[in-house]
Amino acid sequence: MIEKALKGSSVYWGWIIFLLCVIGAGFMAYLYQLKVGLGITGMSRDISWGVYIAQFTYFVGVAAGGVMVVIPKYLHHYSKYAKIVVFGEFLAIAAVVMCLLFIIVDIGQPMRMLNVLLHPTPHSMLFYDMIVLNGYLLLNIICGYNTLLADKKGVPCPGWVKPFIYISIPWAISIHTVTAFLYAGLPGRHFWLTAIMAPRFLASAFAAGPALLIMILLFVRRVTKFDPGMDAIQTIAKTVCYAMITNLFFMGCEFFTAYYSQVPGHMHTLDYLFRGLDGYGELVPFMRAAIVIGLFGVFLLLVPPIRRNTKWLAVAAASVFVATWIDKGVGLVIGGFIPNPFETITEYHPTLPEITIATAIWGVGALIVTILYKVAISVREQQAA
Amino acid sequence: MSMDRRKFLKAAGLTTLVGLGGKGVFELLKPGAVEAEMTHGGHGEEGHGEKDAGPKVRWAMLIDVMALNKEKIEKIVHTCHHLHNVPNWGDPKNEIMWIWEDEYEHVFPDSYNEYNHILNGMPFLLMCNHCDNPPCVRVCPVQATFRRPDGIVAQDYHRCIGCRFCMAACPYGSRSFNWLDPRVHLEKEIAEGRKLNKRFPTRMRGVVEKCNFCVERLAEGKPPGCVEVAPDVMFFGNLADPNSNVRKILKERISLRRKLELGTKPSVFYLI
Amino acid sequence: MYDSGKVIIGLLIFAGIFLFPFLYNHGSPAAKPKPSLDTPAIKALPEKKCVEDTQFMITTHMQFLNNWRDQALRDGNRWYVNKEGKKVWISLQNTCLKCHSNKKEFCNKCHNYAGVDPYCWDCHYDPNGSKL
């Protein structure tokens with residue numbers, strides 16, 4: 001089946017080569033980082049996690065978001081998703097691989113990575129994160145590959161795959177819950193120490209993942225002979241809309257608790273992110289933009305005539321993706337370290353090699369999506385013909 | 001092959017008595033102190049079966065802030081960083097700190113009081129708190145950082161994978177990461193006249209480090225380096241023993257501990 | 001077989017590349033390493049004996065040192081009692097290297113021969129090394 005990825009137009013191959021160049025550049029930068037150390041990044045004693053972990057956190061969400069097409073199809077027999085579930089699963093595969101790569105590039109001694117298996121530590125949330133992420137990757141490979149293979153052969157999906165599909169649903173919830181627990185259980189980091197962290201992570205995940213899926217499916221619809229079906233895309237759009245509203249609501253809850261209680265520790269990071277604190281506020285324009293863009297996206301999705309317009313739908317999906325990305329892929333992780341335990345402020349500026357490496361991992365994700373989607377679309381086109 | 005706590009303490013005491021007598025600042029050195037520790041059993045044979053018997057050794061550090069001055073701070077920091085070959089990067093981005101100075105309002109940001117003219121601006125010494133309930137140990141995925149039975153939160157540089165989860169978890173900012181190769185900088189410093197302590201290793205890039213309460217010196221029956229050079233400022237002893245030097249001092253002085261509301265139970269006390 | 005010509009040529013090229021190192025080094029075995037015990041500390045010993053007997057140290061020093069490391073660092077146990085009942089202070093830097101102060105002629109000899117690069121020296125020192 002995978003051989004279908006080897007036949008494509010010159011545009012397809014051009015895109016692949018472009019991605020390989022991006023990945024190659026990042027790989028060189030990574031070799032440099034491996035030789036010199038993580039000192040080549042903008043991270044410091046105060047901001048000890050940066051772009052890598054922030055992107056990791058965001059893409060766990062994208063991976064978990066895939067479940068939003070799995071649930072309607074397999075729990076509610078929503079047949080309009082029949083043809084696109086595999087795209088959700090393949091997107092999840094790419095996102096999980098990105099997550100694992102972001103972890104690998106972030107650790108100081110990657111050659112000792114297997115110590116996590118050699119000395120399993122059940123009281124560390126990272127231990128569970130390793131289990132759930134690798135498990136989710138495996139589940140999606142099993143489910144995605146086998147359902148597509150069955151479609152290709154024109155036979156129903158084999159029965160033994162079903163249990164894996166059902167397991168993958170709570171498993172998707174678990175990956176983002178555990179990722180939220182990485183943060184929500186740390187004393188002394190007030191911004192992260194909130195019981196609403198996991199629900200908020202899930203809400204933003206169910207907005208971001210499906211939003212990305214909408215953008216890709218709209219693109220697929222334009223450039224290939226396979227039509228995912230506008231009805232299906234509209235249903236995903238509604239999911240994104242509800243999830244994004246929930247996400248913004250949870251954000252509002254955080255604001256209320258902090259500012260109504262007036263407890264300084266609860267307000268400091270929000271101050272830094274949205275108003276500036278002690279003269280520091282480099283992220284303020286971005287964070288404010290995230291709120292505006294997010295609200296704008298919700299507005300577009302809420303009004304049915306606008307949502308049904310393909311172009312506006314693309315804009316809405318992009319808005320939600322960008323808004324959640326700024327919120328979770330930048331502000332959440334960096335903000336947690338500001339102010340530091342001494343209530344002083346160090347700001348964070350990612351360096352060029354750091355960004356090159358992160359971009360390369362985006363490139364790997366894009367490459368996996370491209371190849372897997374090429375296979376899936378070829379199968380769908382063949383089915384239609 | 002491994003040895004229980006009793007034998008360990010006996011051995012530590014023996015080395016002490018043979019080679020290093022006369023340094024009265026360190027509780028273990030006092031005649032009878034070692035035996036006193038041992039009669040409690042520690043985690044040795046007698047320890048088994050006694051359900052309510054808590055740990056019998058819990059090392060603690062008392063810092064007399066009122067006796068601190070610039071000169072002593074410099075001496076203490078220099079001694080510690082020399083003993084453990086901590087490079088002096090001189091920039092906050094790569095900084096490695098085992099013990100360092102900061103003002104009251106940064107050490108106790110939660111109890112800052114703008115009218116407290118006595119404490120505000122006063123220099124404090126910061127170090128790892130060797131918490132009784134350490135969040136860093138809870139989050140470490142490989143047990144590279146762990147709590148020894150004597151309360152010392154140790155760091156195994158051989159095992160650390162450099163994920164820096166412990167740095168995010170530590171509410172005291174006590175942990176430093178080797179963003180670059182510390183040896184590269186140490187070599188530069190050696191060229192400028194720095195002396196290396198060849199009895200203690202360096203670290204490698206990509207691992208986290210912090211104050212270790214001088215376990216390597218305790219093993220030899222010596223007091224921590226900071227206590228040795230400033231015996232009128234730093235006091236080290238067994239918090240679990242009601243008759244220890246530190247418990248006696250704590251009975252008489254007002255003491256502060258950092259961020260108690262987080263439930264970490266620090267083993268470093270500030271005397272005011 | 002389809003494209004048999006291409007397949008066979010490809011296999012031959014692969015085999016050539018794969019076997020190159022073996023063919024290249026054939027017939028010229030590297031000299032067996034002879035780690036040197038010639039240090040002042042060892043010369044001064046009444047009986048030239050390591051912590052355990054030589055054969056044991058040669059074959060097992062890796063696991064042995066790993067155990068020492070974990071005992072000293074993790075269990076806080078700094079004494080090792082050898083098979084003869086003699087007590088030894090557990091320390092790579094301050095016990096092993098006190099006698100074997102010639103890392104280049106002792107450690108490196110075999111490690112280079114075996115092509116291993118243990119990470120001990122990322123943190124511990126060669127006592128007589130000019131560089132860190």
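**Questions about a predicted three-chain model**

Me: Let's start in chain B of this predicted model. Which helix lies across β1, β8, β9 and β10 of chain B, and at about what angle does it run to β8(B)?

Reply: Happy to begin there. The helix that lies across these four strands of chain B covers residues 245-252. That is α10 of chain B, and its angle to β8(B) is about 120°.

Me: What is the order of the strands in the open sheet of chain B, and which strands are at its edges?

Reply: The open sheet has four strands with mixed pairing, in the order β8-β1-β10-β9. An edge strand here pairs on one side only. In chain B that description fits β8 (234-238) and β9 (255-256).

Me: How many bridges join β1 to β10 in chain B, and which residue is the bridge partner of B:M61?

Reply: Strand β1 (residues 59-64) and strand β10 (residues 268-271) of chain B run parallel, and four bridges join them. B:M61 has its bridge partner in β10(B). That partner is B:V268.

Me: Turning to the nonpolar cores, which helix gives the largest share of the largest core?

Reply: The largest nonpolar core has 189 residues, and A:A63, A:V240 and B:I99 have the most contacts inside it. The largest share of this core is 15 residues. They come from chain A, residues 85-106, which is helix α4.

Me: Which residues does B:I99 touch, leaving aside those up to four places away in sequence?

Reply: With those sequence neighbours left out, the residues B:I99 touches include three cysteines: B:C80, B:C211 and B:C226. The others are B:I76, B:V77, B:L125, B:L126 and B:M127.

Me: How many residues are in the second, separate core?

Reply: This core includes C:W68, C:A72, C:Y80 and C:I90. Its residue count is five.

Me: Which two chains share the most contacts, and which element gives the most to the chain A side?

Reply: There are two pairs of chains in contact, and A and B share the most contacts. On that interface, 32 residues of chain A meet 40 residues of chain B. Two or more residues of the chain A side come from each of α5 (115-118) and α6 (125-153). The element that gives the most, with three residues, is α6(A).

Me: How do the residues on the side of chain A that touches chain B divide by class?

Reply: This is the side where 32 residues of chain A are in contact with chain B. Its charged residues number four. The rest divide into 15 polar and 13 nonpolar.

Me: Which element supplies the largest share of the side of chain C that touches chain B?

Reply: Here 18 residues of chain C are in contact with 21 residues of chain B. Both α3 (54-74) and α4 (92-99) of chain C supply at least two residues. By class, this side has seven polar, six charged and five nonpolar residues. The largest share, five residues, comes from α3(C).

Me: How far apart are the closest C-alpha atoms of chain A and chain C?

Reply: No contact joins chain A and chain C. Their closest C-alpha atoms lie apart by 11 Å.

Me: Why is chain C described as more spread out than a compact globule?

Reply: Chain C has five helices and two strands, in the pattern α-α-α-β-β-α-α. For its 132 residues the globule rule gives 14 Å, and the chain is well over that, so it is more spread out than a compact globule. Its C-alpha atoms fill a box of roughly 70 × 35 × 35 Å along the principal axes. The radius of gyration behind this description is 22 Å.

Terms used
Residues are numbered from 1 along each chain as its sequence is written. Chains are lettered from A and ligands numbered from 1 in the order in which they are written. This is a predicted model: local features need pLDDT of at least 70, side-chain atom pairs count only at pLDDT 80 or more; totals for chains, interfaces and linings use all residues. The radius of gyration is taken over C-alpha atoms; the globule rule is 2.2 Å times the number of residues to the power 0.38. Two residues are in contact if their C-beta atoms, placed from the backbone, lie within 7 Å. Ala, Val, Leu, Ile, Met, Phe, Trp, Tyr, Cys and Pro count as nonpolar, Asp, Glu, Lys and Arg as charged, and the others, Gly among them, as polar. A nonpolar core is a set of buried Ala, Val, Leu, Ile, Met, Phe, Trp, Tyr and Cys residues joined through C-beta atoms within 7 Å. A residue is buried if 20 or more other C-beta atoms lie within 10 Å of its own, exposed if 12 or fewer, and partly exposed in between; C-beta atoms are placed from the backbone. Two strands pair if DSSP finds at least two bridges between them. Axes are lines fitted to C-alpha atoms, for helices over the stretch in contact, and angles run from 0 to 180 degrees between N-to-C directions.
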